[in-house]
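User: I am new to reading protein models and would like a close look at one part, with the surroundings explained after that. Could you take me through the small group of paired strands in chain A, and then show me what else can be read from the model?

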Amino acid sequence: MISLPYSKNKRYLSGIDWFLCGLDHSLKALTGSGNLFSVALELEGFCDAGPLKENLEKYFAGYPLLVGKPSRCWNLAPYWKIPKNPCISWGFKQHQLDEGLSFDRTLEALSLGVNTAFSRDDEHVRVSLFTLRQKSYLVFVFDHRLFDARGAEMFIAGLQAHFEGKPVTAAQPREPAHLDRWADKFLAGQRVNRFFIKFRQKGRASGFDLPRLVGARRSRFKVLSLSLEETDRVIKNADARAGYLLLMPFALAASIRSTARLFAKQGISRTHCLVPVTIDTRSRAKVGKEMFFNHASFMFFGFEAGDIKDFSGLIAKASRQFYDMVQSGLSRDIKDAAMLMRIAPLRFLARFLKLSLNEQTASLAFSYNGDGVYAEKEFFGHKVLNLMHLPRVPVPPGLGIFFTRFGGRLNLVVSYLDGLVDDADVAVLAEDIKKELLQG
Amino acid sequence: MPKTNKEIETVLVKEVAVILGEEPAAIAADRPLAELGIDSLSFVELLVAIEKNFGLKLMESGLTKEDFRTLRSLANRIVAGLK
């Protein structure tokens, strides 16, 4: 391995990090704001902003990475550049919610932050507090270039530890420049390309036609939080239908079936679906040690229109593909192959992604996060009722279905680009997925 | 190839330790897999490791909760499958 002198003001970006930077560039160009996601804590009781803001300020000051931005090194490897004298700036806003607001309306308010671009290229976190008399929502907006879903939860868990005066491990591992093992990277690229050729031969996948994108386009969300009893039922159904612990392919099959029904209702009659699924590649032991940047990779599932009729067959197909992709090491190959894309300037990378995605539109984005890193029962003296992830979805496909768990309960989140599909249809889609999961 | 329950259990503990990024000593063979922190992805990684080590495709032969409750019960399932 080529070892370069380590600078505390520099953190090399992986291929997946650079890919996420490309998506950010593309989303900014198409929708006005970048590749952002929110994590919302639902808290019991009225939360006082004063002490919270004070503690946030102290906590944020410990992380100079929060004011970095992508740059390129003399060796052409992209890196995260941290200023020599970092001055951490971050946004904080407080909002009073109207009492008696429906959950969907509340959600619309909570998603304001994730739909607003950061004001500067070196701003990557924003916090908003929404209060009611008996309930508060603390919403963190994260820049996906710097955090992935688990990293964001870890950041919030660290904040809590900081509040409680516990030691916080500032997880900022040294990342090498990855300028070695080129033959391995090219071979991985060859395997990934061969994998995609199979999909390309089938032509364009089912998916919504994108509306004409002019200026800012926000993401909208539908969230269904299942009760503990409902979640237990879903797990039992997954055990029985897909196999022990195979909740992910079960949830994917239910999501595909319901989305295919929605496509059929909208008159989208293409014959197959392509679903990129985000997979966290960290081992459990590593999750607690890597807070910043992206440690995910992808898997790609393909389904034919005929698969939808037989739910058992659909589940078996999802499980089979899952097994085959793990066995072939596809996620690892994608991570390695992505290193080759780091040479591309962001503008070019965004254009390349747009061209390749337009040719081969994914039907929807999907992820199942399972139990998160944040598992605290109280935050700042308030009982934590729920934790929701609200991610913006890359365009195309502009539609995503995400599952997370908090406190044993399953959250189903549908994220969609405004104007892509009616709110009523999304509500039906979410209920339909829930029904599939509960009925098994 | 390991053949006794104990030998198979040792191989499974080592594989799970690699998958979870833990030391083998931290993996108890009598703890439920879900409690060890195994999720859908790590479970499939374990199935792939079983195929590699023992030539058994458990994904295709049915995955009952009882067989997979702990690494010990899984070792018993593998012994039965190898006979």
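Analyst: In this predicted model, Pro70(A) has Trp80(A), a residue of strand 4 of chain A, as its bridge partner. This pair belongs to the place where strand 3 (residues 69–72) and strand 4 of chain A are joined by four bridges and run antiparallel. Strand 3 and strand 4 of chain A form a hairpin, with five residues between them, and in the turn Leu76(A) has a positive phi of about 75°.

Strand 4 of chain A, which covers residues 78–81, is also joined by three bridges to strand 1 (residues 10–12) of chain A, and these two strands run antiparallel. Within strand 4, the residue that stands opposite Tyr12(A) is Tyr79(A). If you follow strand 4 in the viewer, you can therefore look for its bridges to strand 3 and for its bridges to strand 1.

Elsewhere in chain A, six strands form an open sheet with mixed pairing, and their order is 5-6-7-2-13-12. Strand 5 (91–96) and strand 12 (378–379) stand at the edges of this sheet, and because each has a single partner strand, one side of each is left without a neighbour in the sheet. The partner of strand 5 is worth following in detail: strand 5 and strand 6 (residues 125–131) of chain A run parallel and are joined by six bridges. One of the residues to look for there is Phe92(A), whose bridge partner in strand 6 is Val127(A).

The next topic is the nonpolar core. The largest one has 148 residues, and among them Leu252(A) and Val275(A) touch the most other members. Helix 7 (residues 247–265) of chain A gives the largest share of this core, with ten residues. When neighbours within four places in sequence are left aside, Val275(A) is in contact with Leu252(A), Ile256(A), Phe301(A), Ala362(A), Ser363(A), Leu364(A) and Phe366(A).

Chain B is built from four helices and zero strands, so that its pattern along the sequence reads α-α-α-α. For its 83 residues, a compact globule would have a radius of gyration near 12 Å, and the 11 Å found for chain B agrees with this. Its C-alpha atoms fill a box of roughly 30 × 25 × 20 Å along the principal axes, and 37% of the residues in chain B are buried. Of the contacts in chain B between residues at least 6 apart in sequence, 54% join residues at least 24 apart.

One example of distant parts of the sequence can be followed from Asn76(B), which lies in helix 4 (residues 71–82) of chain B. Although Asn76(B) and Thr4(B) are 72 residues apart along the chain, their C-alpha atoms are separated by 9.0 Å. Asn76(B) counts as partly exposed, because it has 16 C-beta neighbours inside 10 Å.

Finally, the two chains meet where 21 residues of chain B are in contact with 20 residues of chain A. On the side of chain B that touches chain A, helix 1 (5–20), helix 2 (33–36) and helix 3 (40–54) of chain B each supply at least two residues, and helix 3 gives the most, with seven. By type, the residues on this side of chain B divide into 13 nonpolar, four polar and four charged.

Terms used. Residues numbered from 1 in each chain as written. Chains lettered and ligands numbered in written order. Predicted model: local features only at pLDDT ≥ 70, side-chain atom pairs only at ≥ 80, totals over all residues. Core = buried A, V, L, I, M, F, W, Y, C linked by C-beta atoms within 7 Å. Buried ≥ 20, exposed ≤ 12 C-beta atoms within 10 Å, placed from the backbone. Contact = placed C-beta atoms within 7 Å. Pairing = 2+ DSSP bridges. Rg over C-alpha atoms; globule rule 2.2 N^0.38 Å. Nonpolar A, V, L, I, M, F, W, Y, C, P; charged D, E, K, R; others polar.
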